[in-house]
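Reader: Please take a close look at local backbone and burial in one part of this model. I would like the residue-level details set out together, with the cut-offs stated.

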Amino acid sequence: MKNRILLLTTVLSLLACVSYAQKVIRISTDNTDLILRTAPDGRLHQSYLGERFLAESDIAHLPMGKEVYITHGMEDYFEPALEAHFDGGKSSVVLAYVDHTVNTLSPKVVETVVTLRDELRAIAVRLCYTAYQEQDVVKMHAEIVNEGRKPVELVRYASSMLHFRSSDYFLTEYSGDWAEEATMTTTPLTFGKKVLDTKLGSRASFFTSSQFILSLGEQATEHTGNVLFGTLAWTGNFRFTFEKDQEGNLRVISGINPYFSNYELKKGETFVTPDFIYTFSSKGMGEASRHLHRWARKYQLHQGEDDRYCLLNNWEATYFNFDEEKLDHLMGNAAELGLDLFLLDDGWFGNKYPRSSDNAGLGDWQATRDKLPGGVGHLTATAKEKGIRFGIWIEPEMVNPKSELYEKHPDWVIHQPDREEYYFRNQLVLDMSNPAVQDYVFGIVDGLMTECPDLAFFKWDCNSPITNIWSPYLKEKQTHLYVEHVRGLYNVLERVRAKYPDLRMMLCSGGSGRIDYKALSYFTEFWASDNTDPVARIFIQYGYSFFYPAKATCAHVTSWNRNASVKFRTDVAMMGKLGFDIRTDEMTDAERTYCKEAIANCKRLAPVIWDGDLYRLVSPYEGNHAATQFCSPDGQHAVVFAFDIHPSHAERLQTVKLEGLNPQTRYKVEEINLMPGQRSRLRGNGSTYSGDFLMKVGLNLFSEGTMQSKVIELKAAD
Ligand code: DGJ
């Protein structure tokens, strides 16, 4: 009898297993797979994330894995992706698979939308994945729908949750401060949580950027290792949680930082979380970066495939101390150097409270009459006469208490009404959740463009985090402010882009205090740091190069570190989007001649440096030198930048192997960007080598000199 019962139970459970129709959802790129599968209870699990499978049939052998979007209040013991509170204090959620759709957005871009639902609580979650197949990039977010009759309070609402199972994990994070951006640190992840987050509100990535590198198993190198690059496209508070459990599984949760951000979702409303973007590579960090850069230029960066303007900025050349005559003169200098555009920085506006230092005027966007009697119109006209374009600085989301705007609209400002105001750089943040403020901010750009249609460029700054958080507009919904503030900013940027799609705009935030891929869908470039000391810049630009392409990374030649030659400073800046922020009058004739040639080289080589593939040959973190190579996608044309920073005594210099070339092609190797009269010290300069030799043996890129640089062009000679 006992045996018959056992047999019956076994048969029934086998039947249950085979009778449920398992759903398999495969989100593939050319080289990667993310595989989701339903369990017999209908819940959806992540079975795999990694290199793409050759045979579809192998997917059946995968373990089920962890639930794809773990909810609060059920059987899981670690950090959930979703926590929602319902009427009557109920709070658990169980999500079961409902259906999924696959849409081909363009031949190599496929969107998969999976719907999960908790019937008991009338809440649904849509997990949306867009796979950019050629670039191995996946963009994902969650949409949370209140299908009930009562409001739901969202407490945690992640964009993504990804699971990993590996022997070891190494996390590379970014930290920084003003003039110290993009410092990279790698540490192993041990049991428990590691959290990267910000609660600055605006200027959100001031101390840490919304990006990370995760190595699985061994620490990835440029050429080896399984590695995931992740970044959140959100211009506000973000949080990444890396949590390793008692069995060694790792979950990575990304999204808006839930700090002071409980969100009430009304009946029928949908909360769309920001995009989490990842690329996975089994061949190390170099390939992952190249994939992300190609994706960014093609799909994400505003005007990502277009040219950029090389410009002269007046900030470091004049600070607030300028007048029309000085600016006209600087514009002449810009034209003489062969630059495309002159960018007028801070200090051009305010009349009742003129902006002659950073303690007044923000908010009053009319040209200061006694400083600029001809207004912005005179300046755009002068630029035109000189044959260049004109651009202008704004910081439209901010206000100085010493301004007409503050006097007129104290209710437009974020601050606790019953507390003393706290100022960061003497200013406060406008309440972008308020539609009237959004209209005003849009009106700043629109007003300037209407008055001066020739304006070709904006530098959009943002120097203060949100402090004393309280919105007069949101009243009892204060925990919505961090979210609605960012959405308000996006509303404005949408309007700007709808009306002025071709306008070039630089994203700036006291350096790169805010940078992410959502913001960069509106901006053509970002200001990487106010620190323009070329030695520091080698590190900062290296750090950002993992995630952002060279054409988006503004790098200017300034007077920081006068011990470095103009050539060294320019060669460093030429690895990004080259610009100048220096009194060119104070340069020697030789330096000016050199700069003219470097600018011409930069424009000529834009298809290689700005639109080509990046290879980090030598990391500055490794020692005394650094080298970076850019290569055209067809491998016919390359540029190498090599720097000696602080070489040590009697160092044994090694050759550096190049990458990305065609082994059979012969390349003419030539040092460029030489000072007038300077003889190249590159061994073999002017010779022709095969790509095979250059990649197996390499070139003698380095010297024993301090702060020396070489820029080397390689052109297919056949
Ligand atoms: C901060 C920016 O990073 C600088 O480049 C400059 O534009 C100043 N703001 C102007 O106030």
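Author: What follows goes through a few loop residues and then one helix residue. The model is predicted, so local features are reported only at pLDDT of at least 70 and side-chain atom pairs only at pLDDT 80 or more, while totals for chains, interfaces and linings use all residues. Residues are numbered from 1 along each chain as its sequence is written, and side-chain values use heavy atoms, without hydrogens and water.

Most residues other than glycine have a negative phi. R203 is not a glycine, yet has a positive phi of about 45°. R203 sits in the loop between β14 (192-197) and β15 (211-216) (strands are DSSP E runs of at least two residues, helices H or I runs of at least four, numbered from the N terminus). R203 counts as buried because its relative accessibility is 3% (buried is under 20%, exposed over 50%, partly exposed in between, with a 1.4 Å probe and protein chains only).

F260, also a residue other than glycine, has a positive phi near 45°. The loop that holds F260 runs between β18 (249-256) and β19 (263-265). With a relative accessible area of 36%, F260 is partly exposed.

E305 belongs to the loop between α2 (285-300) and β22 (311-313). E305 counts as exposed because its relative accessibility is 54%.

H291 is placed in helix α2. Its relative accessible area is 7%, so H291 is buried. Leaving out residues up to four places away in sequence, H291 touches Q135, D136, V137 and T279 (contact means heavy atoms within 4.5 Å).
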